Amino acid sequence: MPELPEVETVRRSLLPIIGARIAAVHVFDARLRRPVGADLPTRLCGRAIHGITRRGKYLLFDLADETYLLAHLGMSGALLLRRGDVGRAPHDHVRLHFADGRHLTYNDPRRFGILRLGRLAEFDELRHVGPDPLTNEFSLAALATLTRGRKKPIKNLLMDQQGLGGIGNIYANEILFCAGLRPGRQARRLTRAELARLFAAVRAVLRTAVDLGGSSISDYRDAAGRPGYFQLQLNVYDRAGAPCPRCGTTIKRVVHAGRSSFYCPRCQR
DNA sequence: ATATGCACCTGTGTGC
DNA sequence: TGCACACAGGTGCATA
């Protein structure tokens, strides 16, 4: 479910918990991709949320004293901020209760997500997260460096979190449509002009998707339960057999490195 | 080093 | 209706 635009939308929808103090923690099921630490409740209780930042698809809750709660939503994770008695729904795994009566529930049917407490330097998963494509750490020159000498398909390079943090399968496909590039093109074969189009497309697609609150394809919601609207703007993702919105040619599906790629054979070269 | 295949887990849609 | 199978927003490890 969640790529950069969805995670950023969740982050923004969680900002109202800044300042809230954690009064109780319930771990219903610790079996996530990494098991939730048995000491999580003890270590969280009494702490307050001082800030929430994002690194690629990861969220970092600042708990002060150099301690952070690291969260990743995997393929199907959601964080829901509510108040009152809501019971335990299927796939509710962890719930933080705040002193003011609100509570934050981590729900994840596939359990590919992560909730982990520690210091920044302890989070080895963050070492594989490259620069954020929406900041000025990312530039045309940086994109050119990333692609230099790389034989893999440009789509898989865009999805490599070590190069750029936050692009997943939906947005890689949409970015390449916007840039007019086939997903299977070898990264090192892109011309200067194509790299410039690609750079602009990364920025344009991700910014628009954040503005629209991400893509709600089946069940993605932000922390307040609101859906995103970028799914209404998808040009190629999951549209195999349907007409290209620009030229009417039938959208094709191929597989690159085990992930579905969608493209218009006429608009994308 | 680099690129791919597969496993992890549950739900959903499709075809027989 | 039941069943088998393919596929799904991600990542990390094993393998060439």
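The following paragraphs lead through a sheet and an internal cavity in this predicted model.

A good place to begin is the sheet, which is open and consists of 4 strands in the order E1-E6-E7-E5, with antiparallel pairing. At its edges lie strand E1, covering residues 22-27, and strand E5, covering residues 78-83, each of which pairs on one side only. Going across the sheet, neighbouring strands are turned against each other by 20° on average, with direction ignored.

One pairing deserves a closer look, namely the one between the edge strand E5 and strand E7, which spans residues 102-107: these two run in the antiparallel sense and are joined over 6 bridges. Within this pairing, Leu79 has Tyr106 of E7 as its bridge partner, and both Leu79 and Tyr106 appear again among the residues that line the largest cavity.

That leads to the space inside the protein. Rolling a probe the size of a water molecule over the atoms shows where empty space is left. When cavities of 30 Å³ or more are counted, the model has 1, and the largest cavity holds about 70 Å³ of space. Its lining is made up of Leu40, Leu44, Phe61, Leu69, Leu79, Val94, Leu96, Leu104, Tyr106 and Leu115. Helix H2 (40-44), strand E6 (92-98) and strand E7 are the elements that each give two or more residues to this lining, and E6 and E7 also stand next to each other in the strand order of the sheet.

What is the make-up of the lining of the largest cavity by class? The lining has 10 nonpolar residues, with no polar and no charged residues.

Note on methods: Residues are numbered from 1 along each chain as its sequence is written. Chains are lettered from A and ligands numbered from 1 in the order in which they are written. This is a predicted model: local features need pLDDT of at least 70, side-chain atom pairs count only at pLDDT 80 or more; totals for chains, interfaces and linings use all residues. Side-chain values use heavy atoms; hydrogens and water are left out. Two strands pair if DSSP finds at least two bridges between them. Axes are lines fitted to C-alpha atoms, for helices over the stretch in contact, and angles run from 0 to 180 degrees between N-to-C directions. On a 1 Å grid over the protein atoms alone, a cavity is a set of points where a 1.4 Å probe fits but cannot get out, and a pocket is an open set with protein on both sides within 12 Å along at least five of seven lines; lining residues have an atom within 4 Å of a point. Grid points are joined across faces, edges and corners, and a volume is the space filled by probe spheres set on the points. Ala, Val, Leu, Ile, Met, Phe, Trp, Tyr, Cys and Pro count as nonpolar, Asp, Glu, Lys and Arg as charged, and the others, Gly among them, as polar.
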